[in-house]
Each structure stands twice: as structure tokens, then as C-alpha cells.
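Please open the structure in your viewer, keep the selection panel at hand, and follow the stops below in order. At each stop you will be told what to select, and then what is there.

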Amino acid sequence: MAISIKTQREIELMQESADILIATHKYLAKFIQIGITTRELDNLADKFIRNHNGIPSFKGLYGYPASACISINEEVVHGLPCNRRLKNGDIVSIDMGVLYKGYHSDAARTYAVGEVSKEVLELMRVTKQSFFEGIKFAKAGYHLGQICETIQNYVESHGYGIVRDLVGHGIGKSLHEDPQVPNYKPKGRGAKLRPGMALAIEPMVNLGTWQVYTLKDNWTFVTRDGLPSAHYENTIIITEDEPLILTLDKQEKEHIYG
Ligand code: MG
């Protein structure tokens with residue numbers, strides 16, 4: 001299927017959607033503390049999004065029962081909110097999407113709870129940086145595969161496993177649109193990037209093996225070796241120049257765009 005090209009108006013609406021999403025992430029970050037349950041975090045996110053006239057994109061998608069995916073330690077993605085409490089030394093990834101005026105945005109962050117080992121903090125740093133390495137090639141004229149390959153090379157140069165079972169995606173009127181955006185070198189070069197393409201790029205990086213499997217709940221992906229995994233995701237728009245990263249807050253944007 002053809003990759004949709006967003007108009008200026010559509011990009012503005014996606015930015016409004018992303019503004020709600022990133023405000024939700026910032027709001028939730030304050031509650032990520034020892035003792036809170038993942039269900040409490042999910043409820044807070046759901047209320048915040050709806051209070052800002054958004055709709056949680058994930059709720060009901062493919063039957064997913066919650067508004068946020070909250071994945072702790074060895075859980076890679078799609079962790080189901082439940083009565084599990086955050087403990088000192090955990091890392092927790094929060095992945096959320098917002099639908100606003102017909103347009104979706106999607107972003108994930110991974111947080112440290114209390115005191116986390118240096119080894120795991122480094123995993124989190126490399127995961128985030130792998131996104132920024134990849135988007136050096138998120139520019140009109142490059143091919144999608146160059147983003148994917150760059151993420152893989154950066155992650156593997158640090159000795160980590162890059163998850164293959166789950167991939168990033170196009171985004172817009174649907175949360176998941178073409179193309180798929182793997183975090184590893186695809187077969188072939190992939191689509192040529194054009195201004196107005198919207199992509200959710202989301203490296204999932206494991207401390208040990210890249211291999212994962214799904215728990216009996218049929219949602220939660222966990223690492224095969226039980227070692228921790230981190231996740232970082234933003235929604236971006238391809239331009240002739242640097243990509244627009246829709247899902248950053250003001251300070252982060254100033255830091256990047258000056
Ligand atoms: Mg996504």
C-alpha cells in the first residue's frame with residue numbers, strides 16, 4: 001500500500017495530538033515512584049488524555065484493554081496494567097497514543113524507579129540515542145532502510161539485542177499505517193522518504209539476547225533470557241531537511257532545534 005503524505009493541515013493536527021500525548025507523558029512521569037501500581041498509572045493517563053479532549057489510541061485497538069502499555073524490566077512492550085507495584089531498581093516503559101481530531105500520535109519513554117544499576121541506565125541511554133542516530137537518515141531522499149540499519153548498528157555496537165518481532169510504523173488517521181519501520185536492516189532499501197511521511201520510530205533494546213516471547217496473557221512481550229529491555233519512541237514527520245519530531249516537549253525541542 002502507498003505511504004500516505006500528510007498535508008500541512010494534517011501535520012498541524014498531528015502536532016496538536018502529539019502535544020496532548022507529551023503532556024500526558026510529563027504528567028505521568030511525576031507519579032512513577034516506588035509503590036504505585038501500573039493500573040493506577042494507566043487510570044491517570046486515561047483521565048488526563050480524555051480531560052484534554054483526546055482519546056487513548058490504544059484502548060480497544062485489536063482488543064487491547066488499557067490506555068497505556070506499561071512494561072517493567074524484562075517486559076519489552078505491551079505490558080498490561082495490573083496490580084503490580086513499581087519497586088526500587090525497576091525500569092518501566094510507558095507507551096501511549098492519542099487520537100485527536102482524527103489524527104494519532106504515538107510515543108514511548110522508559111523511566112528508572114529509585115536506584116537503577118549503571119548497567120541498566122546505560123541500556124536506557126543507548127536505546128534513546130539509537131532513535132536519534134536513526135533519524136539522521138530521516139530526511140527526504142534517503143531510504144527507510146537506512147534509518148533501520150543505523151539503529152541496529154548503533155545498538156549492536158554496544159553489545160545489546162535489538163528486538164525484531166515488533167517494529168515501528170507509519171501513523172496518521174490510523175495508529176498503524178504503512179510502512180513498517182523495523183529496527184534492523186530490512187531486505188532491500190525500503191521506501192524512498194518523501195516530505196509529509198509520518199513515522200513512529202521505536203527501538204526496543206534488550207540488555208541480553210534480542211529474542212522475545214509472549215506471556216500467556218497474549219499481550220506482554222518479555223525477553224527470552226529475563227534480562228531488562230528499554231523502549232523509546234517518537235512520532236516524526238519527514239521534511240526536506242531535519243525531521244519534525246512531534247512528540248517532544250518544548251525544552252527538548254529547543255535543545256535539538258536551538
Ligand atoms: Mg508505536
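Begin by selecting Q152, which has its place in helix α4, the helix made of residues 144-157. Keep in mind throughout the tour that what you have on screen is a predicted model. Is Q152 buried or exposed? With a relative accessibility of 10%, Q152 counts as buried, because buried means under 20% relative accessible area. Now show what surrounds this side of the helix: if the neighbours within four places in sequence are left aside, Q152 is in contact with I162, R164, N183, Y184 and K185.

**The whole chain**

Next, zoom out and colour the chain by secondary structure, and you will be able to find five helices and 15 strands. The radius of gyration of the chain is 17 Å, close to the 18 Å that the globule rule gives for 258 residues, so the chain is as compact as a globular protein of that length. If you turn the view along the principal axes, the C-alpha trace spans about 45 × 45 × 40 Å. Of the 258 residues in the chain, 55% are buried. Among the contacts with a separation of 6 or more, 69% are between residues 24 or more positions apart.

**The magnesium ion**

Now select the magnesium ion and display the side chains around it. Which residues are its protein donors? They are D106 (OD), H169 (NE2), E202 (OE) and E233 (OE), and they lie 2.1 to 2.3 Å from the ion. Along the sequence these donor residues follow the spacing D-x62-H-x32-E-x30-E. Look in particular at two of them: H169 lies in strand β7 (residues 168-170), while E202 lies in the loop between β9 (198-201) and β10 (204-206), so this pair ties together parts that are 33 residues apart in sequence. Both H169 and E202 are buried.

**An open sheet and a helix upon it**

From E202, move on to the strands β6, β10 and β13, which form an open sheet in the order β6-β10-β13, with antiparallel pairing. The edge strands of this sheet are β6 (161-162) and β13 (229-231), each of which pairs on one side only. Between β10 and β13 the antiparallel pairing runs over three bridges, and if you select V205 you can look for its bridge partner in β13, which is A230. Then add helix α3 (residues 118-134) to the view, since this helix packs on the sheet and touches β10 and β13. The direction of α3 makes about 35° with that of β13.

**A buried aspartate in another helix**

Select D42 next, which is found in helix α2 (residues 38-51). D42 is buried, with a relative accessible area of 6%. Leaving aside its neighbours within four places in sequence, D42 is in contact with A66, S67, A68, I70 and P81. You can also draw a distance from D42 to L80, a residue 38 places away along the chain, and the C-alpha atoms of the two will be found 9.3 Å apart.

**The cysteines**

How many disulfides does a search of the whole structure find? The search finds zero. Select C82 as an example: C82 is in no disulfide, and the nearest cysteine sulfur, that of C69, is 13 Å away. C82 is partly exposed, with a relative accessible area of 27%, whereas C148, at 0% relative accessibility, counts as buried.

**Unusual backbone geometry**

For the last stops, hide the side chains and look at the backbone, bearing in mind that most residues other than glycine have a negative phi, and that most peptide bonds are trans. Select H78, which has a positive phi of about 65° although it is not a glycine. H78 lies in the loop between β3 (75-77) and β4 (91-100), and at 23% relative accessibility it counts as partly exposed. Then go to N218, which also has a positive phi of about 65° without being a glycine. The place of N218 is in the loop between β11 (212-214) and β12 (221-223), and with 63% relative accessibility N218 counts as exposed. Finish at D178 and P179, which are joined by a cis peptide bond with an omega of about 0°; P179 has its place in strand β8 (residues 177-181).

Note on methods
Residues numbered from 1 in each chain as written. Predicted model: local features only at pLDDT ≥ 70, side-chain atom pairs only at ≥ 80, totals over all residues. Heavy atoms only, no water. Donors = N, O, S within 2.8 Å, 3.2 Å for Na, K, Ca; no water. Helix = DSSP H or I, 4+ residues; strand = E, 2+ residues; numbered from the N terminus. Buried < 20%, exposed > 50% of the residue type's maximum accessible area, 1.4 Å probe, protein only. Pairing = 2+ DSSP bridges. Contact = heavy atoms within 4.5 Å. Axes fitted to C-alpha atoms, helices over the stretch in contact; angles between N-to-C directions. Disulfide = S-S within 2.5 Å. Rg over C-alpha atoms; globule rule 2.2 N^0.38 Å.
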